[in-house]
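Work through the exercises below with the structure open beside you. Try each task before reading the solution that follows it.

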Amino acid sequence: MEHLTHISLGSNLLTGVVPWDTVIAGKLKALLLGNNMLQGTLQPHLPLSLEHYVVADNRFEGKLPLTLPSQIKTFIVHQNLLSGPLPNVSGALRLQAITAHENSLTGGLHLPVAEAMVAEC
């Protein structure tokens, strides 16, 4: 699976636990697992090559990764059973979309763009 770059299995009524060691390997750029019935915890570290991470509308529990890869563009994790702090996105300079509503997350979201705007004022 070292050459696999995209996994798109959204809206398939999939159940069970994701085999993260197999899925998060190689040069994965897109992991799209939204709108299923997957459960378990999320991988604590995402591959540096990852650009699109969609695990929304499932039954994942536990915490989000503490940081996001610098290449990430979309980070969609809403409507799960997640808890704990939001990830640090200060190094995710390509980030275009992040959704995390309908979870039990804590803390603030520190966006590089917002910090740059405040510094300019």
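**Exercise 1. Find which residues Glu51 is in contact with, leaving aside its neighbours within four places in sequence, and decide whether Glu51 is buried or exposed.**

Solution. Begin with the position of Glu51 in this predicted model: the residue lies in the loop between strand 4 (37-41) and strand 5. Next, set aside the neighbours within four places in sequence, and the contacts that are left are Lys29, Gln71, Ile72, Lys73 and Thr74. Finally, turn to accessibility: the relative accessible area of Glu51 is 16%, and because buried means under 20%, Glu51 counts as buried.

**Exercise 2. Establish how many helices and strands the chain has, and in what pattern they follow one another.**

Solution. A count along the chain gives two helices and ten strands. Read in sequence order, these elements give the pattern β-β-α-β-β-β-β-β-β-β-β-α.

**Exercise 3. Work out the strand order of the open sheet that contains strand 1, and name its edge strands.**

Solution. The sheet is an open one of five strands, and its order is 1-3-5-7-9, with parallel pairing. At the edges are strand 1 (6-8) and strand 9 (97-99), each of which pairs on one side only. On average, neighbouring strands of this sheet are turned by 10° against each other, with direction ignored. For a closer look at one pairing, take strand 3 (residues 30-32) and strand 5 (residues 52-54), which run parallel and are joined by three bridges. Within this pairing, Leu32 has Val54 in strand 5 as its bridge partner.

**Exercise 4. Do the same for the open sheet that contains strand 2, and trace the pairings made by strand 8.**

Solution. Here, too, five strands form an open sheet with parallel pairing, and the order is 2-4-6-8-10. Its edge strands are strand 2 (15-17) and strand 10, each pairing on one side only. Neighbouring strands of this sheet are turned by 15° against each other on average, again with direction ignored. Now follow strand 8 (residues 81-85), which is joined to strand 6 (residues 59-62) by two bridges, the two strands running parallel. In that pairing, the bridge partner of Gly62 is Leu82 in strand 8. Strand 8 is also joined to strand 10 (residues 104-106), by three bridges and again in parallel, and Pro85 stands opposite Thr106 in strand 10.

**Exercise 5. Describe the surroundings of Gly84, and decide whether this residue is buried or exposed.**

Solution. Gly84 lies in strand 8. Not counting residues up to four places away in sequence, Gly84 touches Lys63, Ser104, Leu105 and Thr106. Asn103 lies 19 residues from Gly84 along the chain, and the C-alpha atoms of the two are separated by 9.4 Å. With a relative accessible area of 15%, Gly84 is buried.

**Exercise 6. Identify which residues touch the most other members of the largest nonpolar core, and list the contacts of Tyr53.**

Solution. The largest nonpolar core has 23 residues, and those touching the most other members are Trp20, Leu31 and Tyr53. If residues up to four places away in sequence are not counted, Tyr53 touches Trp20, Leu31, Leu42, Leu46, Ile72, Thr74, Phe75, Ile76 and Val77. For the chain as a whole, buried residues make up 34% of the 121 residues.

**Exercise 7. Compare Asp57 and Glu102 in their phi values, their loops and their accessibility.**

Solution. Start from the general rule that most residues other than glycine have a negative phi. Asp57 has a positive phi, near 60°, and Glu102 likewise has a positive phi near 60°. Asp57 is found in the loop between strand 5 and strand 6, whereas Glu102 lies in the loop between strand 9 and strand 10. As for accessibility, Asp57 counts as partly exposed at 26%, while Glu102, with a relative accessible area of 53%, is exposed.

**Exercise 8. Judge where the predictor's confidence is below 50.**

Solution. Take the whole chain to begin with: its mean pLDDT is 89, and 89% of its residues reach 70 or more. The stretch to mark is residues 114-121, over which the pLDDT is below 50 and which, beyond near neighbours in sequence, has one contact in the model.

Definitions and conventions. Residues are numbered from 1 along each chain as its sequence is written. This is a predicted model: local features need pLDDT of at least 70, side-chain atom pairs count only at pLDDT 80 or more; totals for chains, interfaces and linings use all residues. Side-chain values use heavy atoms; hydrogens and water are left out. A nonpolar core is a set of buried Ala, Val, Leu, Ile, Met, Phe, Trp, Tyr and Cys residues joined through side-chain atoms within 4.5 Å. Buried means under 20% relative accessible area, exposed over 50%, partly exposed in between (1.4 Å probe, protein chains only). Contact means heavy atoms within 4.5 Å. Two strands pair if DSSP finds at least two bridges between them. Helices (H or I, at least four residues) and strands (E, at least two) are DSSP runs, numbered from the N terminus. Axes are lines fitted to C-alpha atoms, for helices over the stretch in contact, and angles run from 0 to 180 degrees between N-to-C directions. pLDDT is the predictor's confidence in each residue, from 0 to 100.
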